[in-house]
Amino acid sequence: MPEAEPAPTAASDVLPKTYDPVGTEARWQAAWEAAGAFHPDPGAPGEPFAVVIPPPNVTGSLHMGHAFNTALIDTIVRFQRLQGKNVLCLPGTDHASIAVQTILEKQLKAEGTSKDHLGRDAFFERAWAWKAESGGTIVGQLRRLGYSVDWQRERFTLDPGLNRSVVEAFVRLHQQGLIYRGEYLVNWCPASGSAVSDLEVEMKEVEGSLWHLRYPLTPLADEVSAAGAAPASDHPIDHLVVATTRPETMLGDTGVAVNPTDPRYAHLVGRSITLPLVGRLIPIVADAHVDPAFGTGCVKVTPAHDPNDFAIGQRHGLPQITVMAKDGTMNGAAGRFAGLDRFEARKAVVAAMEAEGFLVKVEPHRHSVPYSDRGKVPVEPLLSTQWFVRTESLAERCRTALDHPSGPEPRFVPERWSKVYRDWLTDIRDWCISRQLWWGHRIPAWFVVSETGGVITEATPYLVARTEQEARAQADAQFGADAQLEQDPDVLDTWFSSGLWPFSTLGWPGEGGQEPADLATWYPTSVLVTGFDIIFFWVARMTMLAGAFLQDGEAGGVEQPVGGRTSWMPFRDVYIHGLVRDENNRKMSKSAGNGIDPVLLIERYGADALRFALVREVAGAGQDIRLDYDRQSDTSATVEAARNFANKLFNATRFALMNLGGETPASLGEPVLAELESEDRWILSRLTRTSTQVAEFYGSYRLGEAAKLLYEFAWNDLCDQYIEWAKPRLFGDDAVSQTAARRVLARSLEALLVMLHPLMPHLTEDLWHAVSGAEATEFLALQRWPQPDPDWLDPAHENAFQFGIDAVRAIRNLRALSGVKPSEKLSIGIHTPTADRQAFVVANQEKIGRLVGASDLHWEAEPTSGQLLGLVDSDAQVGLTVPQQSLDALRQRLQKDLAKVDKEIAGLQGRLANPNFAGKAPPEVVAECQANLAEAQAQAELVRGRLGELG
RNA sequence: GCGCGAUUAGCUCAGCGGUAGAGCGCCUGCCUUACAAGCAGGAUGUCGCUGGUUCGAACCCGGCAUCGCGCACCA
């Protein structure tokens, strides 16, 4: 960021009538970044507070989910900064192996070439070029949200530092015996030619078919030679019927299973089937996995192509016959079907079965099929040799931490997600971490290919090392100097590097056994903020990997968090938020094309408005939020309302600048208690209450509540009430009264700007500069949370002032009923026998008169006759003298009031008449009930009197 | 199948034991020298259904219904 960036000019003395976010936002983003405002020093004072942001795909672009996540995180970290914490918020991106490789391969294909033609090195270069070109998009868009992250610490999962972390992690896991290599069924994506993780598999409901196939029993005569012993007796049954949704896999069948308790087939267990089309003899086995009630109760077993069958096969020692190649076509083992694509093969197998009389029937069948998220094709369970992380011991550590005696680690907000997290850590499957791709971290394992004839086979010994030199040295020692090495061609799952994110980005593992300063200061991080959709895949992987690396086992064999920490957990809290749904409550997705572009909304309404709108919608419980949107006009009423709020603040500040006489909060000084008037004391009390409560809300992730409370304070209290009541003083010539009002206004507005800053950072930064006159090098973002004088809190006075508000409303209501022109000044009376209220009315005569358009505002204990009267409560009435009275409207109004109050009386009397209520309810509730009844009865009396006068 | 969440004003949602609120929208009137992206006033609900607990339930407990989500999948 060039230092020469022009210093931001704060809102000038004369502001325009509406706020223009576009220029303002860009200006402050540049100023913050140029000044390094969010580049913290690990040695700085202040309690450390750290957040690492969930790294988006480097080549992606901003969607509403990012905007939402960003709004939440930035609100939290900006609040903590205002609390004086030493805040690090660290940004970055991940390399998204499959996504990027898919894009690149598509490009290459369009150019008439391929990655294999290009070669690995050239392909890698090209991928980096693509990253350089498109990788700036999303970080640029994140900047436009006003994200207060430390861009100087921005990381990328493939950068050299994180590369080192990944290699170190792999090597250490291997040393701990937690990484192994072996041949297992994995989710294979034929489109990308790689294994994929569970995350990248999505179950889709499809209307498929259930093919019922006849599998003939092998005649007994032939069994003898096949099984070596003749079964006890023959039987009329000469075949079994199996059902399948994937008939092409029958070519790889190596058994048929029935339930051991199924009387229909018990006698057949041990006999064999002659597999149609293939001719292979396969045994009938008994396995409890088979549900006798489903279909025919007989299941074909294809261990090499189905996870359940794989397990059955293992239990019964059945061979695994792979009939498919890695590109999804049938292989040599498929006999005459070899070379066909798996879906063509399906048709061909069915046709052949039918032709040979083995097809019994076909039923429509709705079932779910695993689809590759990236390749958009059905995933194929395929046997292949892959690298795995043994997860059980890692998961166990995490489960134990959840039961930590001093509270669960991490702490989930909302709490219910911890259950989901625990479920995922229970009965967890080992994690396949190898990917047959080029764009990613190459696995740091070298095969000693000279031991197996120059090629990599399952039997080839391998060495895991941090560098090729290290591997070479190991090879020399173990296999001699002429051992030939070849690095594993595969790369690691992107989530492997993402799983290290909370510590790799802080410099783990460091140099020479030294803990890096960032890690020392900010690990464990304070909170992880993420959507529930990746809780299993990302959150749990981070906690599992941290458990493996951020502990020492030295102290008497008991593991301890490294560096004397109290916890090795990568984050204290996990704040789970919902999804942003579209105007029809649908999940936004690229394929559905229903995404709402945050950038469009930022351009239309400003980033502050979008952020405020998103956060304001958040309920406490991590629910999804719905964003309304009109696709015809690209407008959103919700965001527009937030934009209007921004404009309201802008104009309130504009008003203040016009009425503070060129002074600032600092030059005006603190309000002097003895000089304060009614509305001063009221707003300061409200301010004190609000600042305490908002801080509580922000601090406990109740961000939506914080936003709503501030909205109300700003609009209702400060603008609608305080400013309106204080106007005569600000405009008037009583210097003492004017100064008092200026002090209170300046103080309240400044505090409001600070409190709103986490939600609307640009606007508040700009307005704060205008109000405070602060230098361009100073930032609101780095100020402190308001510290109102506790003496300002005055609930009794808030109550007393509420009477004023109510009286004004009652008068205005009456005026509206009277039909008198709003511009016409009227003689108005407030009638109350109570001394305090009388004093209030007298003291605020001018202000109230102004608020209600009175030519004359006076107090009288009782109304004089001939007036139009309205009720404040049983103790106060308001009266107007109007030229032509609109008696019908008033009568209707009073009758309505009476009906309401009568209903209330009936309800209260009913309750009080119940002897159980008086006996069992708390006395204060009974007393309140009685007081309400008395009030209601007194009001009814007054209203009846008024109605009587009207005739 | 197992689990989770939702159901409150026309719409989007708060409230989670003392008798219902906000924003938007709506109706009426106002360009009142901060703001028409505004101001003032107003209307609007058998709180999904059904049992129970309680003096008292939108709120707690049990069922049911509808919608949504996650996990597991029966071939």
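**A chat about a helix, a small sheet and an RNA strand**

Tutor: Let's start with helix α3, residues 97–110, in this predicted model. The helix has 14 residues and reaches 20 Å from its first C-alpha to its last, close to the 20 Å expected at 1.5 Å a residue.

Student: OK, and which residues of α3 are buried?

Tutor: They are S97, I98, A99, V100, Q101, L104 and L108.

Student: What do those buried residues pack against?

Tutor: Their partners are the helices α4 (115–118), α5 (120–144) and α13 (494–498), plus the strands β6 (194–196) and β21 (491–492).

Student: What about G112, what's its phi like?

Tutor: G112 follows α3, and its phi is positive, near 75°.

Student: Switching topic. How are β18, β19 and β20 ordered in their sheet?

Tutor: The order is β19-β18-β20, in an open sheet with antiparallel pairing. β19 (462–464) and β20 (485–487) are the edge strands, and each has a single partner, so one side of each has no neighbour in the sheet. From one strand to the next, the twist averages 30°.

Student: How many bridges join β18 to β20?

Tutor: Three, with β18 covering residues 445–448 and the two strands running antiparallel. For a concrete pair, take V448, whose bridge partner in β20 is L485.

Student: Which helix packs on that sheet?

Tutor: That's α12, residues 468–479, and it touches β18, β19 and β20. The direction of α12 makes about 135° with that of β19.

Student: Now the RNA. Which residues come nearest to strand B?

Tutor: Of the 59 residues around RNA strand B, the nearest are F294, N308, S368, R643 and R911. On the RNA side, sugar and phosphate make up 62% of the strand B atoms that come within 4 Å of the protein.

Student: What does F294 contact there?

Tutor: A polar backbone atom of F294 sits 2.6 Å from a base nitrogen of RNA strand B.

Student: And R654 and N916, what are they up against?

Tutor: For R654, an N or O atom in the side chain is 2.5 Å from a sugar or linking oxygen of RNA strand B. For N916, a polar backbone atom is 3.4 Å from a sugar or linking oxygen of that strand.

Student: Which elements give two or more residues to the surface near strand B?

Tutor: Among them are the strands β7 (201–216), β8 (239–244) and β13 (359–372), and the helices α22 (703–731) and α28 (887–913). α19 (637–659) is on that list too.

Student: Where does the largest share come from?

Tutor: From α19, which supplies nine residues.

How values were computed: Residues are numbered from 1 along each chain as its sequence is written. Chains are lettered from A and ligands numbered from 1 in the order in which they are written. This is a predicted model: local features need pLDDT of at least 70, side-chain atom pairs count only at pLDDT 80 or more; totals for chains, interfaces and linings use all residues. Side-chain values use heavy atoms; hydrogens and water are left out. Two strands pair if DSSP finds at least two bridges between them. Helices (H or I, at least four residues) and strands (E, at least two) are DSSP runs, numbered from the N terminus. Axes are lines fitted to C-alpha atoms, for helices over the stretch in contact, and angles run from 0 to 180 degrees between N-to-C directions. Contact means heavy atoms within 4.5 Å. The expected span of a helix is 1.5 Å times one less than its number of residues. Buried means under 20% relative accessible area, exposed over 50%, partly exposed in between (1.4 Å probe, protein chains only). A residue is near a molecule or strand if one of its heavy atoms lies within 4 Å of it. A polar contact is a pair of N or O atoms within 3.5 Å; within protein, one must be able to donate a hydrogen and the other to accept it, and residues adjacent in sequence count only if both atoms are side-chain atoms.
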